[in-house]
Amino acid sequence: MSRNESAHAHDDSHAHDDHGHSHGHGHGGASTSSRKLAAVSLINVVGFVVELAGGLAFGSVALISDAVHMLFDALAYVMAFAAAHVAERYGEDERWSYGLHRLEPFAAFLNGMLLLPMVGFILWESYQRFLEPVAIGAGPTIAIAVGGLLVNLGSVYVLHGDAMSLNEKGAFYHLLGDAGGSVAVIVSVIAIEVTGIRVIDPIAAALIAAVVTWSAITVLRGSGEIFFLKTPLESDDIRLHLTEIDGVDRVDDFHAWQICSQITVATVHVETDVETMVEADAVVGRVHDELAGHGVDHATVELSPRYADRDVHLDTHCH
């Protein structure tokens, strides 16, 4: 294949991405994700009001901590819902190459950041109650905590699925933390009733803070990996599979990253010894199919002949 044909093959690879492997950015699951996040937001706002009122009325800092956790979760879900809603309906013109789907990891990052001041509040309240333990209304506190646990389990049921977006995962981790917090409240109140040791309540609150911290780190790490373009794929494994494709002599360059948790993008430069444009188009198609099989939603494939002077070629392509 000549160098002129190589340039044609490069152009054709982009065209192939449109007609042979169309990858629209309006993913069908996005509206479902928005509805789930909206439902969970509403459920948690109700749960927050009930738990906060109960914690203040019956003196449990653990219950107040769980209520604050639920409030920040509800705010995080509202942000996630807003991001998903905007990404679905706006940013489809040519000014935004991939729409506004970057709002998803951005909202997830803010979600994680919101958890950190909450940890400080919980620890401070726990410390104050550790110094000056107070009596707790056991029966009502347990009843409210059980209600909070049911709210969290119901929300987990709404969100759970085979594939969750980054914001859904963030909400899912929050809810698991909330559920653990409700369980901690129930266990601590029962333990106080049995032993009479009131400092169990602030200790339980501190344990809830540890769970919240874990949730924040998980969400921040996930969103950070997207922002800093960590590849979501096993590059060596994909290179090996690509070199096994008929017509591919060598994989010269491969990059993959994510726009959001549901859109994976890749670019690949492969060398070939095919002689005609028909064969070149077939190779490009097989490369696209292989990448799609590895979860790539949008790929750009550059096809070229083998170059005797590789350094000149790399300089020309600015690698």
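A salt bridge is a side-chain nitrogen of Lys or Arg within 4 Å of a carboxyl oxygen of Asp or Glu. In the structure examined here, which is a predicted model, a search of the whole structure finds 3 such salt bridges. The side chains of Arg250 and Asp252 form one of them, with an N to O distance of 2.3 Å. Asp252 is buried, because its relative accessible area of 13% falls under the limit of 20%. Arg250, in contrast, counts as partly exposed at 34% relative accessibility.

Arg250 also meets Glu271 in a salt bridge, at 3.9 Å from N to O. Arg250 belongs to strand S2 (residues 250–260) and Glu271 to strand S3 (residues 263–272), so this pair ties together parts that are 21 residues apart in sequence. Glu271 is buried, with a relative accessible area of 1%. Through shared partners, the salt bridges join Arg250, Asp252 and Glu271 into one network.

A further salt bridge links Lys230 with Glu225, whose closest N and O atoms are 3.4 Å apart. Both partners are partly exposed: the relative accessible area is 48% for Lys230 and 30% for Glu225. These values lie between the limits of 20% and 50%, which is why neither residue is classed as buried or exposed.

The helices were examined next. Helix H4 comprises residues 103–131, and its 29 residues should span 42 Å at 1.5 Å a residue. The end C-alpha atoms of H4 are 43 Å apart, which agrees with that expectation. The buried residues of H4 include Ala107, Ala108, Asn111, Gly112, Leu115, Met118, Val119 and Ile122. Several of these positions are separated by three or four places. An α-helix has 3.6 residues a turn, so residues three or four places apart point the same way. Polar and charged residues also appear in the buried set of H4, among them Glu104, Ser126 and Arg129.The surface of the model also carries a nonpolar patch, formed by Phe106, Phe109, Met113, Leu116, Phe227 and Phe228. Together these residues have about 600 Å² of accessible area. H4 provides the largest share of the patch, with 4 residues. Phe227 is found in helix H7 (residues 200–227) and is partly exposed, with a relative accessible area of 35%.

In the interior, the largest nonpolar core has 24 residues, of which Met118, Val185 and Val212 touch the most other members. At least two residues of this core are supplied by each of helix H3 (61–89), H4, H5, helix H6 (166–195) and H7. The greatest contribution, 6 residues, is that of H7. Leaving aside neighbours within four places in sequence, Val212 is in contact with His69, Leu115, Met118 and Val119. Another core, of 21 residues, lies apart from the largest one and includes Val284, Val287, Leu291 and Ala299.

Ala143 illustrates how residues separated in sequence can be related in space. Ala143 lies in helix H5 (residues 138–159) and is partly exposed, with a relative accessible area of 48%. Although Ala143 and Ile186 are 43 residues apart in sequence, their C-alpha atoms are 8.5 Å apart in space.

Key: Residues are numbered from 1 along each chain as its sequence is written. This is a predicted model: local features need pLDDT of at least 70, side-chain atom pairs count only at pLDDT 80 or more; totals for chains, interfaces and linings use all residues. Side-chain values use heavy atoms; hydrogens and water are left out. Buried means under 20% relative accessible area, exposed over 50%, partly exposed in between (1.4 Å probe, protein chains only). The expected span of a helix is 1.5 Å times one less than its number of residues. Patches are made of residues with over 30% relative accessible area and no salt bridge: like charges are joined within 9 Å, nonpolar side chains (Val, Leu, Ile, Met, Phe, Trp, Tyr) within 5 Å. Accessible areas come from the Shrake-Rupley method with a 1.4 Å probe; for residues, only the protein chains shown count as cover. A nonpolar core is a set of buried Ala, Val, Leu, Ile, Met, Phe, Trp, Tyr and Cys residues joined through side-chain atoms within 4.5 Å. Contact means heavy atoms within 4.5 Å.
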